[in-house]
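Welcome! Here are some exercises to work through at your own pace. Have a look at the sequence and the structure, then try each task before reading its solution.

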Amino acid sequence: MIRARFHFKLKSGDSWNDFLQTATKLNEISRARGWVEFSFWTQVAGSFNEIVLEADYPDLATFEQQTNAFYADAEAVGTMRGWRDLVIQGTGYSELWAQAEPVSG
């Protein structure tokens with residue numbers, strides 16, 4: 001299994017609901033296309049105004065296929081552009097994790 005995490009630092013608390021509304025719209029687009037949907041997370045304690053979008057994929061090939069399809073989809077990319085005014089530029093980053101498995105040898 002592959003887990004993708006996308007981290008965002010919002011400009012202010014006023015951006016919070018707008019960001020989540022856009023993320024929800026992206027999940028609606030994903031559902032309609034048969035893509036994996038994201039869950040939304042924030043810290044209970046720690047830095048303010050941070051949101052993480054997280055999704056699990058069965059394998060790396062599925063992650064790559066759906067990522068390529070997302071960026072080729074005008075509606076999805078256009079919707080995502082709504083975040084430009086909400087996120088502090090240069091603070092976002094992504095993580096890609098693989099499920100830990102025993103090592104043979």
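Is Trp 83 buried or exposed?

Start with the ground rules: this is a predicted model, in which local features need pLDDT of at least 70 and side-chain atom pairs count only at pLDDT 80 or more, while totals for chains, interfaces and linings use all residues. Residues are numbered from 1 along each chain as its sequence is written, and side-chain values use heavy atoms, with hydrogens and water left out.

Now the scale: buried means under 20% relative accessible area, exposed means over 50%, and partly exposed lies in between (1.4 Å probe, protein chains only). Trp 83 has a relative accessible area of 6%, so Trp 83 is buried.

**Exercise 1. Check the span of helix α1.**

Step 1. Helices (H or I, at least four residues) and strands (E, at least two) are DSSP runs, numbered from the N terminus. Helix α1 covers residues 16-33, which is 18 residues.

Step 2. The expected span of a helix is 1.5 Å times one less than its number of residues. For α1 that should give 26 Å, and the C-alpha atoms at its ends are 26 Å apart, so the two values agree.

Step 3. Look just past the helix: Gly 34 follows α1, and its phi is positive, near 80°.

**Exercise 2. Find the two faces of α1.**

Step 1. Pick out the buried residues of α1: Phe 19, Thr 22, Ala 23, Leu 26, Asn 27, Ile 29 and Ser 30. They cover an arc of only 160° around the axis (taken from the directions from the helix axis to the C-beta atoms), which puts them on the same side of α1.

Step 2. Turn to the face directed away from that buried side, where you meet the exposed residues Asn 17, Gln 21, Arg 31 and Ala 32.

Step 3. Ask what the buried residues pack against: the partners are β1 (2-9), β2 (39-41), β3 (50-57), α2 (60-72) and α3 (74-80).

Step 4. Zoom in on Thr 22, which sits in helix α1. Thr 22 is buried because its relative accessible area is 14%. Contact means heavy atoms within 4.5 Å; leaving aside neighbours within four places in sequence, Thr 22 is in contact with Thr 79 and Trp 83.

**Exercise 3. Trace salt bridges across the chain.**

Step 1. Side chains of opposite charge can pair when their charged atoms come close. A salt bridge here is a side-chain nitrogen of Lys or Arg within 4 Å of a carboxyl oxygen of Asp or Glu. The whole structure holds nine salt bridges.

Step 2. Take Arg 3 and Glu 54, whose side chains meet in a salt bridge at 3.7 Å, N to O. Arg 3 belongs to strand β1 and Glu 54 to strand β3, so this pair ties together parts 51 residues apart in sequence. Arg 3 counts as partly exposed at 27% relative accessibility, whereas Glu 54, at 14%, counts as buried.

Step 3. Next come Glu 95 and Arg 5, with a salt bridge of 3.5 Å, N to O. Glu 95 is in strand β4 (residues 93-98) and Arg 5 in strand β1, so parts 90 residues apart in sequence are tied together.

Step 4. Move on to Asp 73 and Arg 33, where the closest N and O atoms of the salt bridge are 2.7 Å apart. Asp 73 lies in the loop between α2 and α3 and Arg 33 in helix α1, so the pair ties together parts that are 40 residues apart in sequence.

Step 5. Join the partners: shared salt bridges connect Arg 3, Arg 5, Glu 54, Asp 56 and Glu 95 into one network.

**Exercise 4. Classify an aromatic pair.**

Step 1. Rings of Phe, Tyr and Trp (its six-membered ring) pair if their centres lie within 6.5 Å; planes under 30 degrees apart count as stacked, over 60 as edge-to-face and the rest as tilted. By this rule there are seven aromatic pairs.

Step 2. For Phe 8 and Trp 83, the ring centres are 5.0 Å apart and the planes are at 55°, so the pair is tilted. Phe 8 lies in strand β1 and Trp 83 in the loop between α3 and β4, 75 residues apart.

Step 3. Finish with the cluster: ring pairs link Phe 8, Phe 19 and Trp 83.
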